[in-house]
Amino acid sequence: MRTRQALNAGIVVFPGSNCEHDVALALNSVNVTTQFVWHQSCSLDGLDLVVLPGGFAHGDYLRPGAIARFSPIMKALVDFIDNGGVVLGICNGFQILTEAGLLPGALCKNKGLKFLCQNTKVRVCSNISPFTANLPIGTELDLPINHFSGNYICDTDTLNELESHGQIVLKYVANPNGSLHDIAGITNLDGNVMGLMPHPERACDELCSITDGMVLLNSLVHSLDS
Amino acid sequence: MDYKALGLVDDEFDSIKDILGRLPNNLELAMYGAMWSEHCSYKSSRLHLAKLPTSAPYVVVGPGDNAGIIDVGDGIGVAIRIESHNHPSALEPHQGAATGVGGIIRDIFSAGARPMALCDALAFGEIIKRDDSLDNVLNNKRQNSWLLQGVVSGISWYGNSVGVPTVGGETVFDDCYTSNPLVNVLCLGILPLKRLVRGQATGDGNLVVMLGASTGRDGIGGVSTLASSGFVDDAYTKRPSVQIGDPYEGKRLIEACLEILDKNLIVGLQDLGGGGLTSAASEAATKGGVGIDIDVTAVITREAGMEPFEIMTSESQERMLAIVPPSNFSQVEEICKRWEINLSAVGKVTAPGADASPRFRILRGKETLADIPVRSLTTQAPLLDRPSSPPSDLHFRSQQDPAILPAPTSCGEDLLKLLVGNSWIYRQYDHQLFLNTLRLPGHDSALLRLRSPDILFSKKAVAVSVDSNSLWCSLDPYQGAAMTVAESALNVSCAGAKPLALVDCLNFGNPEHEEVMWQFKEVVNGITQACLDLSLVVVGGNVSFYNETNERDIEPTPVVGTLGLIQSLEQPLCDLKQIKGDSIVLLGELVDHLGGSAWAKVIHNHRTGHLPPLDLRFHADLIRLLTDLISSGIVHYAHDVSAGGLGVALAETAILSGIGCEVGTISSHGQLFSEAPSRVLVYTDQPNKVLSAARLSNFNLGSSSPQAQVIGEVDGEFIKIGNLVNLSLSKATSAFNLSIPNALGETVC
């Protein structure tokens, strides 16, 4: 049981973000307090965790995340990360993190060139970082995806580095979008920034049938707490 | 300007001269052309729509405003509206469907509600044709496939990006929709009732402010030349009348408008849809009993040199009209700035003159360009009682019943052909945003928790279903429409919800054809009767006429969207995961009657016959019994018997649950595929309780045959129905899931 003050998460809201309320509900359900941080803000002080939620930041007309990386908050985000702050990018958040160069690789359009909203099964492949530190390797989780551009690519050297440093955190059990090596989620080298295409916040409620998102979020909360 | 090119007829031009006491100028003529179009004026339908029952204690706003509003208790309102975007989608399916979504969403937040969910009723010509040898069949199939792919991609693109989940709907295929698909979009919203706002202008001197996208040359003539006339072979020349959507602008408009309303800064809000600024301003002025002055030089235009008539009739998307007290303008401006929304005060509310006749004046600086009595554009638009007569082949249609058709050599093979699943479609839609979707698309109705960022702690839920059946309505429009309402209400109750209200989207051919007008009147009468007997009210609707191509009208297609309420999510809900080992009970009769069935149409292209009888009072009893059984936890799951009859209903439940069934009682293909109304399959581990509840309700009165019986059980990996069907579940599942992608020649990852 937690005895200290609840963790405090900031959820960055860009114009066009749309999963911010869902992320707040999910984090609240694992006892994390949340506040929204407008993209024009320049500070992330006092936060234990920053989440970039899903959606279509700035419309994503050019390319997902291509405009969002220039929002004023991104400078604060770089400082936050440099100081060891923990950042989770979900879906569009993952796309923004790759566009900003805070995670390696890029997310292309899905093989099949269609938007996909469906449940997927992912497998935990690394538990070095705080995001999955409490999950045994091989744990399978049911998590929904909801994207047009979730097809992860990177060059061979990067892929080798990701593999050898344990940065590939989640892989699809049945690849839905053509993603390289079935990659569903990765971290940076330091392990304090994670991007994933599936939406854990959509799997945190008995009434909505699946609850494995809580397994992932609880693991993160547990790591941050200890 | 040629008034005929604007869609006006000689009589109407004469009326305009009488109203103004002079010749109209070109701008005025363009404004009348837009507002007196069928699309804006409902001139052929208004007279008949007045019959529909529209009031109940829980109706806060009925038809005629931006959205119907239902009071569901605890200070919470549910907004609902449906609209068609058929003709734009026929010409440019992606943008046509996308802007249909955008338009209906604006109607919902115009009322102060947060748009929470979309459902679509889509209809296309056949894509699954077995006889590809004929060139025209193949060409039609290609065109229909292109339309389906474009419409789905348009809904996906706009809906997902604007951040409103698409949680349900239906897609039907029939060759009457070749070249003229139906794209009807329903949107649900949720609001704290204290935020309710009307689309009306009030307060002499208040500012008329346009918010959102700039005004361009797109969509000019949309209502008059595109929506209010049929297609002939040169239809593609009308493509410039299709608007272009911008979901990102739409998303920011939602957020900005809701914030403005939360701060109580405006007195009225109206979206700009068909008829553009002319329609929005004149409707708002009419409802508020005031006049409006608009200065066209204050309108932010997308390009220089736009003519006043272009500015006044442009249908550029993502624009709103707000009525703002001058003292609040700077606060509105501040909110818009934060959301990067452009705004401009383009006019003022004016008091009615001494003769109490409010004026709609268009100015260019100090120069008056147009001066029109407001109500002559709106409530005083032409009202027609068009002649009507039954189709000459109506008698023939009711003869030649499908009973004459040969029995299938294999019922299982016929069943496979009737299994058309929608997963290829709804996988492309975000159907989970807001975490309210309590079951995935594919069931009888969508079930949604009523929760939004403003309303976090409600225990209520709503179910919504959209339904149509053009075959039923072509055989008997009165009964077909009543059966459509009955099915829609039953679908909602299959989720455990009590049906309360509906919206309708009435898709018809050319109202200048007497048989179309007759069909329309019969359909309105059928909906009216069904509503009265089922205690439902109509809270909004839309009429789409002129769905014709080269003089061929579509079959009459009323689409009904029904809303039902679950008072508390603490009550038991349907759960497909619990049905393993359950008994399958049929509530309603086992009958052998194939009139109006999908089996006759799809397998034999047989489109004649008479509909099975409908007893609306019995239907009301069935709905009550079913919702009681679900809320008391006796029933694990319910599925109504509709297109494809018992065969398809049993197969669909097996496919969705992943468990087969063994059913004994059904003994003929007529019983297997009949679509007689008022029948539900319920899945239960307490069949005796279901049977005794059915006996105790009024349910068995007046009938000799049993009205509730155990017909089989849930088990195994096969769908076994008597001696008729023995299909492996995996074969049925792949037929169900792959029918659409296979027809489109696509592979599924």
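User: I want to start with the place where chain B meets chain A. How many residue pairs are in polar contact there?

Analyst: The general idea is to look for N and O atoms that come within 3.5 Å of each other. Keep in mind that this is a predicted model. Across the interface of chain B and chain A, 11 residue pairs are in polar contact, both partners being at pLDDT 80 or more. Helix 7 and helix 9 (247-262) of chain B each put at least two residues into the side that touches chain A. Sorted by class, that side of chain B has 15 nonpolar, 8 polar and 11 charged residues.

User: Can you show me one polar contact up close? Where is D205(A) found?

Analyst: Sure. Go to the loop between strand 11 (193-196) and helix 5 (212-225) of chain A, and you'll find D205(A) there. The side chain of D205(A) and the side chain of R449(B) are joined by a polar contact of 2.6 Å. A polar atom of the D205(A) side chain also lies 2.9 Å from the backbone nitrogen of L207(A).

User: Which residues does D205(A) contact, leaving aside its neighbours within four places in sequence?

Analyst: Those are I210(A), T211(A) and R449(B). So R449(B) turns up again, this time in the list of contacts.

User: Okay, salt bridges next. How many are there between chain B and chain A?

Analyst: For these you look for a Lys or Arg side-chain nitrogen within 4 Å of an Asp or Glu carboxyl oxygen. Between chain B and chain A the count is 3. Try E746(B) with K114(A): their closest N and O atoms are 3.2 Å apart.

User: And how many salt bridges does the structure hold over all chains?

Analyst: Over all chains there are 38. One that sits within chain A is D142(A) with K121(A), where the closest N and O atoms are 3.1 Å apart. This pair links distant parts of the chain: D142(A) is in strand 7 (residues 140-147) and K121(A) in strand 6 (residues 116-124), with their positions 21 residues apart in sequence.

User: Back to the two chains. How much area do chain B and chain A bury between them?

Analyst: Buried area is what two parts lose in accessible area on being put together. Here chain B and chain A bury about 2,800 Å², and 57% of that is on carbon and sulfur atoms. Y248(B), R427(B) and L435(B) supply 22% of the area that chain B buries against chain A, more than any other three residues. As for contacts, 34 residues of chain B meet 31 residues of chain A.

User: Can I read the domains inside one chain that way too? Into which domains is chain B divided?

Analyst: Yep, the reading carries over. Chain B has domain 1 (1-36 + 197-383), domain 2 (47-194 + 425-571) and domain 3 (396-420 + 572-749). Take domain 2 and domain 3 of chain B, whose C-alpha centres lie 23 Å apart. Their contact takes 48 residues from domain 2 and 44 residues from domain 3. The area buried between them is about 3,700 Å², with carbon and sulfur atoms giving 65%. On the domain 2 side, L475(B), L490(B) and Q571(B) lose the most area to domain 3, together 17% of what that side buries.

User: How many salt bridges and polar pairs cross between domain 2 and domain 3 of chain B?

Analyst: The rule finds 3 salt bridges across that interface. Look at D174(B) and R607(B), a salt bridge whose closest N and O atoms are 3.1 Å apart. There are also 13 residue pairs in polar contact between the two domains. Several elements of chain B supply at least two residues each to the domain 2 side, including helix 7 (135-162) and strand 16 (498-507). Helix 18 of chain B gives the largest share, 10 residues.

User: Last one: why is the pair Y3(B) and F13(B) stacked?

Analyst: A pair of aromatic rings is described by how far apart the centres are and by the angle of the planes. The ring centres of Y3(B) and F13(B) are 4.2 Å apart and the planes are at 5°, so this pair is stacked. Y3(B) lies in the segment before helix 1 (10-20) of chain B and F13(B) in helix 1, so the pair ties together parts 10 residues apart in sequence. Over all chains, the structure holds 12 aromatic pairs.

Definitions and conventions
Residues numbered from 1 in each chain as written. Chains lettered and ligands numbered in written order. Predicted model: local features only at pLDDT ≥ 70, side-chain atom pairs only at ≥ 80, totals over all residues. Heavy atoms only, no water. Domains from an automatic or database assignment. Contact = heavy atoms within 4.5 Å. Buried area = accessible area lost by both parts, 1.4 Å probe. Polar contact = N/O pair within 3.5 Å; in protein donor to acceptor, adjacent residues only side chain to side chain. Helix = DSSP H or I, 4+ residues; strand = E, 2+ residues; numbered from the N terminus. Phe/Tyr/Trp six-rings, centres within 6.5 Å; stacked < 30°, edge-to-face > 60°. Nonpolar A, V, L, I, M, F, W, Y, C, P; charged D, E, K, R; others polar.
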